[in-house]
Amino acid sequence: MDMRPTDERYMQRALDLAILGLGSARPNPVVGSVIVHDDRIIGEGWHQSYGGPHAEVHAVASVADHALLPHSTVYVTLEPCAHYGKTPPCADLLIEKKVGRVVVCNEDPNPLVDGGGIARIRAAGIPVTVGVLAEKGEWINRRFFTFMRKKRPYLVLKWAQTTDRFTAREDYSSKWISNSLSRKIVHKYRAEEQAIMIGSKTAAYDNPRLDIRDWTMISSNPVRIVIDRQNRLRSSHPGLHLFDGNAPTILYHCGEPAPQAETYTEVALPARDFIQEMMTDLHQRNIQSILVEGGSTLHQLLLQENLWDEMRVFTGRQSFGKGVAAAPVKGTVAGIQHLDGDQLTIYINDKTVPA
């Protein structure tokens with residue numbers, strides 16, 4: 001790898017820019033780009049929204065004097081695309097501008113790219129360096145890499161628990177274990193993922209909206225996913241917010257296929273290997289990441305299957321003495337935050353993309 005002393009510094013800037021697209025670029029990966037001439041940044045950009053210009057396009061457009069591009073280095077956090085999708089290939093743009101050098105953080109595992117962009121740029125005689133801050137790049141795009149490599153969504157388990165590790169009372173009531181700051185952060189987490197998943201008990205007892213009303217930086221609500229194996233919610237709780245049509249909703253069950261409703265999508269799956277079949281269906285629907293909000297039974301099931309990547313556990317100040325027990329925590333502690341009396345602990349599955 002032909003790495004230069006300043007490459008990591010400028011790639012870190014590109015990674016910082018990439019994060020700005022989290023939530024708005026999905027289901028595309030987040031990508032940042034920086035253009036440097038004589039150790040000075042002359043252009044930068046990031047992938048701001050799905051279907052919009054890619055990071056390299058924004059970066060090139062921000063350069064005041066394009067005559068400098070043949071003497072400049074382009075830093076980009078993910079391999080420039082080499083295919084026509086919503087936009088033309090970014091590799092062709094860099095070749096057209098005859099940039100002096102390209103530095104790439106990560107190769108793109110998407111089969112439509114998969115080294116093709118780098119090969120095309122090199123074939124045009126432009127030097128390409130690959131792998132600068134690669135682990136950081138994989139972490140930032142862990143949702144995308146998990147989706148491409150494991151053929152399933154990236155799964156974040158989230159719950160609030162009492163000091164004695166209950167998620168609800170015996171009657172399944174749980175409001176409010178966590179405080180208002182913690183709940184606002186949960187809405188931020190919802191906005192960062194493509195979908196939110198719950199089980200039938202959480203749907204019936206909590207009647208959640210599963211929206212991002214407390215986080216206004218992202219305008220569209222995530223897809224809502226409900227697991228109702230016995231297919232009872234439609235008849236027993238027809239007035240649930242989940243069926244109000246305010247966000248795309250998928251209902252998974254083991255019953256007979258039914259005529260599709262106007263406000264949600266029903267998917268009937270075989271009881272055998274239900275969870276794996278659901279993951280396959282979600283992959284086919286291009287759902288790349290899910291915040292799994294509960295309940296405890298669903299969390300434990302996913303843990304048993306080792307179908308999880310992160311846990312985000314909010315511990316409030318209350319204690320119940322008895323109730324619905326929280327799922328066991330696993331993995332490596334990646335961080336602890338104190339939130340006005342609540343504690344948020346983040347765990348990472350040891351098999352998840354390294355931080």
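**Two sheets and a pocket**

In β5, Thr 129 is the bridge partner of Val 103. I begin with this pair, colleagues, and shall work outwards from there; please bear in mind that the model is a predicted one.

Val 103 and Thr 129 bring us to two strands, β4 (residues 101-106) and β5, which pair in the parallel sense over 3 bridges. Both belong to an open sheet of 5 strands, arranged in the order β2-β1-β3-β4-β5, with mixed pairing. At its edges are β2 (40-46) and β5 (128-130), each of which pairs on one side only. On average, neighbouring strands here are turned by 15° against each other, direction ignored.

What lies across this sheet? Helix α1 (residues 7-18) lies across β1 (32-37), β2, β3 (73-78) and β4. The helix runs at about 145° to β1.

I turn now to the other sheet. This one is also open, and 9 strands form it, in the order β11-β10-β9-β8-β12-β6-β13-β16-β15, again with mixed pairing. Why is one side of β11 and of β15 left without a neighbour in the sheet? β11 (265-268) and β15 (332-339) stand at the edges and have a single partner strand each, so one side of each remains unpaired in the sheet. Neighbouring strands of this sheet are turned by 20° against each other on average, direction ignored.

Within that order, β8 and β12 pair in the parallel sense over 4 bridges. There, Ala 195 stands opposite Ile 290 in β12. Helix α11 lies across β6, β8, β9 (223-227), β12 and β13 (310-315), and its direction is at about 130° to β12.

This leads to the largest pocket, whose volume is about 1,300 Å³. Its lining comprises 48 residues, and those nearest the centre of the pocket are Thr 202, Asp 206, Glu 293, Gly 294 and Gly 295.

Which elements supply at least two residues each of that lining? Among the strands they are β6 (154-161), β7 (166-168), β8 (195-199) and β12 (289-294); among the helices, α7 (180-192), α8 (200-206), α9 (233-236) and α11 (296-304). The largest share, 6 residues, comes from α8. By class, the lining of the largest pocket has 19 nonpolar, 16 polar and 13 charged residues.

To draw the parts together: β8 and β12, which pair in the parallel sense, each supply at least two residues of the lining of the largest pocket. The same is true of α11, the helix that lies across both of those strands. Thank you for your attention.

Notes
Residues are numbered from 1 along each chain as its sequence is written. This is a predicted model: local features need pLDDT of at least 70, side-chain atom pairs count only at pLDDT 80 or more; totals for chains, interfaces and linings use all residues. Side-chain values use heavy atoms; hydrogens and water are left out. On a 1 Å grid over the protein atoms alone, a cavity is a set of points where a 1.4 Å probe fits but cannot get out, and a pocket is an open set with protein on both sides within 12 Å along at least five of seven lines; lining residues have an atom within 4 Å of a point. Grid points are joined across faces, edges and corners, and a volume is the space filled by probe spheres set on the points. Ala, Val, Leu, Ile, Met, Phe, Trp, Tyr, Cys and Pro count as nonpolar, Asp, Glu, Lys and Arg as charged, and the others, Gly among them, as polar. Two strands pair if DSSP finds at least two bridges between them. Axes are lines fitted to C-alpha atoms, for helices over the stretch in contact, and angles run from 0 to 180 degrees between N-to-C directions. Contact means heavy atoms within 4.5 Å.
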